[in-house]
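Me: I would like to learn how to read a structure model feature by feature, with the general idea before the particular case. Could we work through one together?

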Protein chains: 2
Amino acid sequence: MSKLDDALNAIAPLDTALLDKAQERLDTLTKPKDSLGRLEEFARKVVGITGDLRPGIKRKIIFTFAGDHGVADEGVSAFPKEVTPQMVLNFLNGGAGINVLSRHSGAEVVVVDVGVDYDFGDAPGLVKRKVVRGTRNIRKGPAMTRDEAVKCVEVGIDLAREYAAPGAIFGTGEMGIANTTPSSAVIAAFSGEKVSSVTGRGTGVDDSVFKHKVKVIEDSLRINSPDPSDPLDVLSKVGGAEIAAITGLIIGAAARRVPVVIDGFISTAGALVAFELNHSVRDYIFASHNSVEKGHRVMLDRMNLRPFVDLDLRLGEGTGAAIGISLVEAGVKIYNEMATFGDAGVSEKTN
Amino acid sequence: MSKLDDALNAIAPLDTALLDKAQERLDTLTKPKDSLGRLEEFARKVVGITGDLRPGIKRKIIFTFAGDHGVADEGVSAFPKEVTPQMVLNFLNGGAGINVLSRHSGAEVVVVDVGVDYDFGDAPGLVKRKVVRGTRNIRKGPAMTRDEAVKCVEVGIDLAREYAAPGAIFGTGEMGIANTTPSSAVIAAFSGEKVSSVTGRGTGVDDSVFKHKVKVIEDSLRINSPDPSDPLDVLSKVGGAEIAAITGLIIGAAARRVPVVIDGFISTAGALVAFELNHSVRDYIFASHNSVEKGHRVMLDRMNLRPFVDLDLRLGEGTGAAIGISLVEAGVKIYNEMATFGDAGVSEKTN
């Protein structure tokens, strides 16, 4: 059996008895029942995922996968394609948004080249797992072969296995000029929604470029005819290398019972492919921020995930996940560190 | 002139030239323009507040003000009144939600007794500024005299002065069984909204208690006739000691150019009184979380503030502010620590 099938088969829904036990503990803490809202939900979910009734967050890791996109040739992005490797080097030097926010949250950033059209040589710190040198232009044909797509997914599965450990929590992020275009194509393919309903302005295109972008995605879907009942067909035909690696990381995390916090639009497209392959992955996912990018909500609704950070972010890289991972950790600390009514000598509810 | 008038007169609107300069720097950083959304707004605002073009967050302090409420006798809360001092002791022992979340955010908690109906003796760590031993029952008459209310406000102003320093940022919080009742009364008095539209279930009352709570607030407003054009009249007649201290802390922070992150429903009621005294205080306030408590939105809209944490919190204590203060800090770090396009050798936008 393949590595992907192995990982998919290892994923189980959460044990509801564990969730109930976590709730019992939460209800002994010195606060009105449920008054810490989603922080309590995060704690329950981490207990359910890890199977540990006293889970600790020991290591936070944001994986930022980079890949290029042939469809950038169609002029769908406000930035030139060379920005992908330039930003990868910026990540490695610690100067990007994801570096600042990860430091703030006490998370490491693991920068992975899975599909950049650039030779990084021996760039220190880069995790080199290049499968393709950029995808092909989806307006003209499939982005990748099915085999290439599976190899990109396996990069994510491998990294999840390498970094899985008790107390680990993952975050997802990406860099790839033009990658909102394949992401919108993936959402449209699975949801059947009109392209214009699931396409946004990415990192800042104007009206005419936006209309052109919608047309490019419509053309790509018509030319490739991705089959929504075959998630790997969608991923290979209209996806991207970094999107596929995110799919793999999430599958690998779920298989190893590691919580995974997803970033915004592109990461959620990767999560959606994982979800279409095995619906149980959703139990392992925390949706961090509410992207301003149209189509994000469509995916989250489909997976029944609700984001909790509303900061109008649209940078990607994993920036929303870096903030979200700290809030999930806050929930776990509430669960572990708060005094109980008994310990603190606080009276309970009277009515 | 009084201490309160002095502080109110010291508050100035933000200098828009400073905000523009902060924006100029933000636009040189290696990210698409505005793509870090509200994190960028926080950075601009901290520059405007502090007057420092390279501001740092050096000390985060959450002030948790405690006070009792005579209206608790009307059975408007799910918890008995003795929980106020019990929770104060829990704060001092580090076992409450606010302690856990403040530790997570690297913030200190300053616990202030401004109106608890309990003798704490020499409880270590408690800041003793008791003005009243609980307010009087607002269903039967005014909560406090005008003089008492001003003294409570001055407690906040004094603490703001004592803790103001370059790099300081404040958060507000409170503890006081039944204090959603006076908070709703304050909102109804200023906004003219129906009591049932601005009253929620506090820490968890059921349907019949909720109806009773609305009736108690309606009675209190009729009996006291607070004058919305005189904010101190509203505060003294239907407010509370800890609400007044929050009002004072915010006024004192604005007077000293210290950013202040407010918590949810009760803190926002305190902020609203400050706003009614001097509209410019809003420039110094960060509204952290979106409370599930009805009426919160009415206040935020009135002050034109938009919260950014959506975690279904309804605990108070300053828990939302403890999370919010870390996100404001994240914005400042983005501003200070990200590489510029020039430094990182990243190409800028092409269209």
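**Contacts, helices, rings and strands**

Reply: Let us begin with a single contact: the side chain of Glu329(A) makes a polar contact with the side chain of Lys60(A), at 2.8 Å. Please keep in mind throughout that this is a predicted model.

Me: Where does Glu329(A) lie, and is Glu329(A) buried or exposed?

Reply: Glu329(A) belongs to helix α13 of chain A, and because its relative accessibility is 7%, under the 20% cut-off, Glu329(A) counts as buried. Leaving aside residues up to four places away in sequence, Glu329(A) touches Ile57(A), Lys60(A), Ser105(A) and His104(B).

Me: Ser105(A) is listed among the buried residues of α5(A); how many residues of α5(A) are buried?

Reply: The idea is to go through a helix residue by residue and then to look at what covers it. In α5(A), 8 of the 9 residues are buried, so the helix is largely enclosed by the rest of the structure. Those buried residues pack against β1 (59–67), α4 (83–93), β2 (108–115) and α13 of chain A, together with α3 and α13 of chain B. After α5(A) comes Gly106(A), whose phi is positive, near 70 degrees.

Me: What span should α3 of chain B have, and how far apart are its end C-alpha atoms?

Reply: One can set a helix against an expected span, counting 1.5 Å a residue. Helix α3 (residues 37–50) of chain B has 14 residues and should therefore span 20 Å, and its end C-alpha atoms are 21 Å apart, which agrees. Just after α3(B), Gly51(B) takes a positive phi of about 75 degrees.

Me: How many residues of α3(B) are buried, and what do they pack against?

Reply: Helix α3(B) is mostly covered, with 11 of its 14 residues buried, including Arg38(B), Leu39(B), Phe42(B) and Lys45(B). Its buried residues pack against α5 (97–105) and α13 (319–337) of chain A, and also against α2 (16–26), β6 (285–287) and α13 (319–337) of chain B. Among them, Lys45(B) has its charged end over the ring of Phe286(B), 4.8 Å from the ring centre.

Me: Which residue lies over the face of Phe210(A)?

Reply: There the residue is Arg201(A), which lies over the face of Phe210(A) at 4.9 Å from the ring centre.

Me: How many aromatic pairs does the structure hold over all chains, and how should I read the geometry of one?

Reply: The structure holds 12 aromatic pairs over all chains. For each, look at the distance between ring centres and then at the angle between the planes: Phe63(B) and Phe65(B) are 6.3 Å centre to centre with 15 degrees between the planes, and form a stacked pair. The rings of Phe63(B) and Phe170(B) have their centres 5.1 Å apart and their planes at 85 degrees, so this pair is edge-to-face. Because Phe63(B) lies in strand β1 (residues 59–67) and Phe170(B) in strand β4 (residues 168–175) of chain B, the edge-to-face pair ties together parts that are 107 residues apart in sequence. Phe63(B) counts as buried at 0% relative accessibility, and Phe170(B) is buried with a relative accessible area of 0%. In chain A, Phe63(A), Phe65(A), Tyr163(A) and Phe170(A) form one aromatic cluster.

Me: In what order do the strands of the open sheet in chain B run, and which are its edge strands?

Reply: The general point is that strands of a sheet pair through backbone hydrogen bonds, either parallel or antiparallel. In chain B, an open sheet of 6 strands has the order β3-β2-β1-β4-β5-β6, with parallel pairing. Its edge strands are β3 (127–128) and β6, each of which pairs on one side only.

Me: What are the bridges that join β1(B) to β4(B) and to β2(B)?

Reply: Strands β1(B) and β4(B) pair in the parallel sense over 8 bridges, with Phe65(B) standing opposite Glu174(B) in β4(B). Strand β1(B) is joined to β2(B), also in parallel, by 7 bridges, and Gly67(B) has Gly115(B) as its bridge partner in β2(B). Strand β2 (residues 108–115) of chain B runs parallel to β3(B), joined to it by 2 bridges, and in β3(B) the bridge partner of Asp113(B) is Lys128(B). Of the 9 residues of β1(B), 8 are buried, so this strand is largely enclosed by the rest of the structure.

Notes:
Residues are numbered from 1 along each chain as its sequence is written. Chains are lettered from A and ligands numbered from 1 in the order in which they are written. This is a predicted model: local features need pLDDT of at least 70, side-chain atom pairs count only at pLDDT 80 or more; totals for chains, interfaces and linings use all residues. Side-chain values use heavy atoms; hydrogens and water are left out. Helices (H or I, at least four residues) and strands (E, at least two) are DSSP runs, numbered from the N terminus. The expected span of a helix is 1.5 Å times one less than its number of residues. Buried means under 20% relative accessible area, exposed over 50%, partly exposed in between (1.4 Å probe, protein chains only). Contact means heavy atoms within 4.5 Å. Rings of Phe, Tyr and Trp (its six-membered ring) pair if their centres lie within 6.5 Å; planes under 30 degrees apart count as stacked, over 60 as edge-to-face and the rest as tilted. A charge sits over a ring if NZ of Lys or CZ of Arg is within 6 Å of the ring centre and within 35 degrees of the ring normal. Two strands pair if DSSP finds at least two bridges between them. A polar contact is a pair of N or O atoms within 3.5 Å; within protein, one must be able to donate a hydrogen and the other to accept it, and residues adjacent in sequence count only if both atoms are side-chain atoms.
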